[in-house]
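I opened my notebook and went through this structure one piece at a time. Here is what I looked up, in the order I wrote it down.

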Amino acid sequence: MALLESVCPDLNLLNRGKVRDLYRIDDATLLFVATDRISAFDVIMKNGIPGKGKILTQISVFWFNHLNDIIPNHLITSDFNKMPASVQKYRDQLENRCLLVKNLKVFPVEAIVRGYITGSAWLEYKKKRSVCDIPLPDGLLECQSFEKPLYTPSTKAEIGSHDELIHPNKVVEMVGEKIANDIAETSVKLYSKASKYAHDKGIIIADTKFEFGADSDGNPFLVDEVLTPDSSRFWISSNYKVGEKQDSFDKQYLRDYLLSIGFDKKTSIQIPENMVQQVSKRYVEIYKLLTGCDPSFI
């Protein structure tokens with residue numbers, strides 16, 4: 001059964017996002033709980049994907065460890081036995097789907113990095129020969145790789161609103177030149193290292209998004225989720241064909257289904273059971289390919 005909402009009355013609930021419930025443990029510490037909710041086009045669906053939150057959590061933990069040499073991250077522990085007693089009393093709900101993290105100031109930017117032209121980037125390119133108003137050469141094909149990863153940031157939308165792609169110069173106005181440059185450079189480094197690792201596992205990371213924050217001393221950290229099927233596009237290398245849509249092992253599979261039924265991008269709907277099973281299968285498969293482990297925790 002999908003966990004659509006955590007119920008932890010003895011914890012201080014700060015917010016329920018599209019997927020995560022956020023609790024304050026103390027002034028320095030937060031608890032991220034990944035539910036099984038799923039959203040598309042910034043709309044939360046009526047039903048969820050059983051076990052999805054656990055998959056997202058464990059994939060993020062994997063990447064936090066793999067990428068820690070590039071930038072520190074906000075993770076304190078994912079080991080449930082090391083969680084505060086106030087958290088452990090909710091083991092049945094929270095085990096394998098929560099992270100104890102540092103309470104940081106999060107920058108209001110989603111740092112999107114694209115290795116291939118697809119999705120909204122492809123739609124803009126067809127109209128304007130640009131992505132985020134960054135000019136690109138003529139003649140690119142759908143899902144073609146860029147010569148080098150392209151940094152295309154967006155705003156962070158509230159629930160019910162839509163993220164907006166913005167030119168990198170806009171980030172300078174939002175957070176200042178140094179932080180903006182650090183976000184851009186670090187995002188590309190993270191994507192490049194992760195892409196190389198995934199390529200060796202037979203996976204293409206077409207694009208992804210990162211989020212960053214800072215502590216009271218201004219030290220930067222990687223935050224939120226990292227390189228999950230909710231925040232990235234994963235393709236199987238052996239199936240890749242330039243010039244056409246790819247079979248996605250991520251949330252894009254649900255988006256494509258919704259577009260095929262004329263989804264209005266506003267109204268929450270019940271996802272059919274066969275679609276729930278197909279999305280779940282893809283999330284599990286990408287976990288297994290990336291980590292080399294079976295998700296025995298779901």
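**Entry 1: what covers a helix**

I began with the cover over helix α7: its buried residues are covered by β4 (39-40), β16 and α8, among others. A note to myself before going on: this is a predicted model.

Which residues of α7 are buried? I listed Q252, L254, R255, Y257 and L258.

Next I looked at how α7 sits against α8. Two packed helices are described by the angle between their axes and the distance between the axes. For α7 (residues 252-260) and α8 (residues 273-291), the axes come within 9 Å and cross at roughly 155°. That angle makes α7 roughly antiparallel to α8, since the cut-off for this label is over 145 degrees.

Which residues meet there? On the α7 side I found Y253, L254 and Y257, and on the α8 side M275, Q278, V279 and R282. I sorted the residues of this contact into five nonpolar, one polar and one charged. L254 and Y257 appear in both of my lists, as buried residues of α7 and as residues that meet α8.

**Entry 2: just past the helix**

I followed the chain out of α7 and came to G262, which has a positive phi, near 75°. Then I stopped at D264, in the loop between α7 and α8.

Is D264 buried, exposed or partly exposed? Its relative accessibility is 41%, so I wrote it down as partly exposed. A polar atom of the D264 side chain lies 2.8 Å from the backbone nitrogen of K266. I also checked D264 against D21: the two are 243 residues apart along the chain, and their C-alpha atoms are separated by 26 Å.

**Entry 3: a covered strand and its partners**

Now for β14, residues 203-214. How many of its residues are buried? I counted twelve of twelve, so the strand went down as mostly covered.

A reminder I keep in the margin: strands of a sheet pair through backbone hydrogen bonds, either parallel or antiparallel. I then went through partners of β14, one by one:

- With β8 (residues 105-106), β14 pairs in the antiparallel sense over two bridges, and K105 has A214 as its bridge partner.
- With β9 (residues 109-116), β14 is joined by four bridges and runs antiparallel; A111 is partnered with F210 of β14.
- With β16 (residues 232-236), there are five bridges in the antiparallel sense, and I205 has F234 as its bridge partner.
- With β15 (residues 220-223), I found four bridges, again antiparallel, and A214 has P220 as its partner.

A214 turned up twice in my notes, once as the partner of K105 and once as the partner of P220. β16 was familiar too, as part of the cover over the buried residues of α7.

**Entry 4: the turn after β14**

β14 and β15 form a hairpin with five residues between them. In the turn, G218 has a positive phi of about 85°. I also visited S216, which is in the loop between the two strands, β14 and β15.

Why does S216 count as exposed? Its relative accessibility is 77%, and exposed means over 50%. From S216 I looked across to K178, 38 residues away in sequence; the C-alpha to C-alpha distance is 16 Å.

**Entry 5: an open sheet and the helix across it**

My last stop was an open sheet of five strands, in the order β1-β2-β3-β7-β6, with antiparallel pairing. Which strands are at the edges? They are β1 (12-16) and β6 (75-77), each pairing on one side only. Neighbouring strands of this sheet are turned by 35° against each other on average, direction ignored.

I picked out one pair in the sheet: β2 (residues 20-26) and β3 (residues 29-34) are antiparallel over six bridges. L22 stands opposite F32 in β3.

Helix α1 lies across β2, β3, β6 and β7 (98-102), and runs at about 45° to β7. In α1 (residues 52-66) I looked up Q58. At 16% relative accessibility, Q58 counts as buried. Leaving out residues up to four places away in sequence, Q58 touches N96, Y287 and F297. Its side chain reaches the backbone oxygen of N96 at 2.9 Å.

Key: Residues are numbered from 1 along each chain as its sequence is written. This is a predicted model: local features need pLDDT of at least 70, side-chain atom pairs count only at pLDDT 80 or more; totals for chains, interfaces and linings use all residues. Side-chain values use heavy atoms; hydrogens and water are left out. Buried means under 20% relative accessible area, exposed over 50%, partly exposed in between (1.4 Å probe, protein chains only). A polar contact is a pair of N or O atoms within 3.5 Å; within protein, one must be able to donate a hydrogen and the other to accept it, and residues adjacent in sequence count only if both atoms are side-chain atoms. Contact means heavy atoms within 4.5 Å. Axes are lines fitted to C-alpha atoms, for helices over the stretch in contact, and angles run from 0 to 180 degrees between N-to-C directions. Angles under 35 degrees count as roughly parallel, over 145 as roughly antiparallel, 65 to 115 as roughly perpendicular and the rest as oblique. Ala, Val, Leu, Ile, Met, Phe, Trp, Tyr, Cys and Pro count as nonpolar, Asp, Glu, Lys and Arg as charged, and the others, Gly among them, as polar. Two strands pair if DSSP finds at least two bridges between them.
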